[in-house]
Amino acid sequence: MSRHGARSPAGLLLAAGEGSRLGRPKALVELDGERLVDRGVRTLRDGGCAPVLVVAGAAQVEVIGAVVVPNPDWRDGMGSSLRAGLGALPPACPAVVVALVDQPKVTAAAVARLIAAHDAGAEVAVATYGGAPRNPVLLRVAHFAAAAEAAVGDRGARGFLRAHPDLVTHVPCDDVASPADIDTPADLAAFTDRG
């Protein structure tokens with residue numbers, strides 16, 4: 001429950017890709033002894049999301065504390081994963097925080113800021129870094145259908161966000177998180193070297 005007694009936003013972790021440039025599915029990559037999929041679920045849960053769903057595809061995963069949603073169309077890109085995840089949310093879900101499995105420096109504090117913006121009335125809340133919108137993204141339930149419709153190819157919520165800038169509340173997260181992602185072996189090595 002949120003602090004106003006309403007149901008908490010759900011968490012949705014998109015983790016279906018095969019990691020073609022990395023050479024293996026990102027969901028299964030370990031960083032500091034923890035799979036990225038487990039780290040992402042923990043971040044969403046610790047940030048205040050319940051329930052947490054994981055969209056899986058290239059790799060079959062079981063995740064403690066999350067509902068796994070299979071996406072048989074994962075090869076079509078991130079848009080299909082967002083559609084699958086939004087379609088699997090519980091009917092009473094008031095909002096969802098969407099995060100990506102390959103951004104391990106997104107923190108629970110960033111997720112909590114998006115939820116606080118939602119509690120304050122934001123329709124859509126987007127984490128920003130250096131003023132640029134990135135992830136995670138919170139969508140209020142009224143926008144699930146439109147976001148799903150706009151999610152095509154490898155675009156998740158981006159098409160919807162660009163089409164409706166009037167709905168978007170920017171939430172600065174530079175001081176608590178980073179949108180840096182893991183796409184290549186060099187990226188992974190850099191994260192490992194940073195610790």
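**Thr 43 and the nonpolar cores**

Thr 43 is buried, with a relative accessible area of 11% (buried means under 20%, exposed over 50%, partly exposed in between, using a 1.4 Å probe and protein chains only). This is a predicted model, where local features need pLDDT of at least 70, side-chain atom pairs count only at pLDDT 80 or more, and totals for chains, interfaces and linings use all residues. Residues are numbered from 1 along each chain as its sequence is written, and side-chain values use heavy atoms, leaving out hydrogens and water.

Q: Which backbone oxygen does the side chain of Thr 43 reach?
A: Let's start with the setting: Thr 43 lies in helix α1 (helices are DSSP runs of H or I, at least four residues, strands are E runs of at least two, and both are numbered from the N terminus). At 2.9 Å, its side chain reaches the backbone oxygen of Arg 39.

Q: Which helix gives the most residues to the largest nonpolar core?
A: A nonpolar core is a set of buried Ala, Val, Leu, Ile, Met, Phe, Trp, Tyr and Cys residues joined through side-chain atoms within 4.5 Å. Among the 39 residues of the largest one, Leu 13, Val 37, Leu 44, Val 54 and Val 97 touch the most other members. Elements supplying at least two residues each include β1 (10-15), α1 (36-47) and α3 (108-119). With five residues, the one that gives the most is α3.

Q: How many residues make up the second, separate core?
A: Nonpolar side chains tend to be buried together in soluble globular proteins. Here the second core includes Leu 14, Val 98, Val 124 and Phe 144, and its residues number 27.

Key: A polar contact is a pair of N or O atoms within 3.5 Å; within protein, one must be able to donate a hydrogen and the other to accept it, and residues adjacent in sequence count only if both atoms are side-chain atoms.
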